[in-house]
Amino acid sequence: MTKKIAVLVTDLVEDVELSSPKEALEKDGNEVTLISFEANQEITGKKGTKFISDTSIDEVKPEDFDALLIPGGFSPDQLRADPRFVSFVSYFLDKDQPLFAICHGPQLFIQTGLTKGRTMTAYTTVRPDIGYAGAIVKDEAVVVDNKLVTSRTPDDLPAFNEKIVAVLHA
């Protein structure tokens, strides 16, 4: 059964943290939608990969999607300054909908106020921040808390991709 996956992303995303999970989700038969500030926006990854957003944050509702992916890099830090993206993420955390974040992705969780008591991981420099926000922090390749799946770095992508696909089938 095809699931609709939202991806919140903008410039300076960690290229492989977008391309690798996106590929794994599509290979599994899911529909992946890149959401940014504008529709058809060219997004340039940290390593120079070009991506094109499918739609703008103003044109979608979180209820339209079965899951949310937040790749890392410097993209999440930019997105968390915008209440539209924070609200979108809040929906998935509040409703315990499938939510996948890697590396700096969990930075977007901090602004939601919904991290307290959730178990997760992130990139080394982000782990203290999510801990200060009330999360139970682990230094593991992949941490699963109900339907919340978090991971640390590109090195963890094989395990991360396997878990996110498994959570969609659970």
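This note covers the aromatic residues and helix α6 of a predicted model.

1. Aromatic pairs. The structure contains four aromatic pairs. In one of them, Tyr91 and Phe92, the ring centres are 5.4 Å apart and the planes meet at 80 degrees, so this pair is edge-to-face. An angle over 60 degrees is what earns that label.

2. Aromatic cluster. Tyr91 and Phe92 also belong to one aromatic cluster, together with Phe65 and Phe88. Phe92 has 1% relative accessibility and therefore counts as buried, the cut-off being under 20%.

3. Charges over rings. Phe65, a member of the cluster, has Lys4 over its face, at 5.5 Å from the ring centre. A second case is Lys46, whose charged end sits over the ring of Phe74, 4.8 Å from the centre.

4. Length of α6. Helix α6 takes in residues 157–169, which makes 13 residues. At 1.5 Å a residue the expected span is 18 Å, and the end C-alpha atoms are 18 Å apart, so the two values agree.

5. The two sides of α6. Leu157, Phe160, Asn161, Ile164, Val165, Val167 and Leu168 are the buried residues of this helix. Because they cover an arc of only 160 degrees around the axis, they lie on the same side of α6. Pro158, Glu162 and His169 are exposed on the other side. As background, an α-helix has 3.6 residues a turn, so residues three or four places apart point the same way.

6. Packing of α6. The buried residues of α6 pack against one helix, α1 (15–27), and against the strands β1 (4–8), β6 (67–70), β7 (99–102), β10 (142–145) and β11 (148–151).

Key
Residues are numbered from 1 along each chain as its sequence is written. This is a predicted model: local features need pLDDT of at least 70, side-chain atom pairs count only at pLDDT 80 or more; totals for chains, interfaces and linings use all residues. Side-chain values use heavy atoms; hydrogens and water are left out. Rings of Phe, Tyr and Trp (its six-membered ring) pair if their centres lie within 6.5 Å; planes under 30 degrees apart count as stacked, over 60 as edge-to-face and the rest as tilted. Buried means under 20% relative accessible area, exposed over 50%, partly exposed in between (1.4 Å probe, protein chains only). A charge sits over a ring if NZ of Lys or CZ of Arg is within 6 Å of the ring centre and within 35 degrees of the ring normal. Helices (H or I, at least four residues) and strands (E, at least two) are DSSP runs, numbered from the N terminus. The expected span of a helix is 1.5 Å times one less than its number of residues. The arc is that of the directions from the helix axis to the C-beta atoms. Contact means heavy atoms within 4.5 Å.
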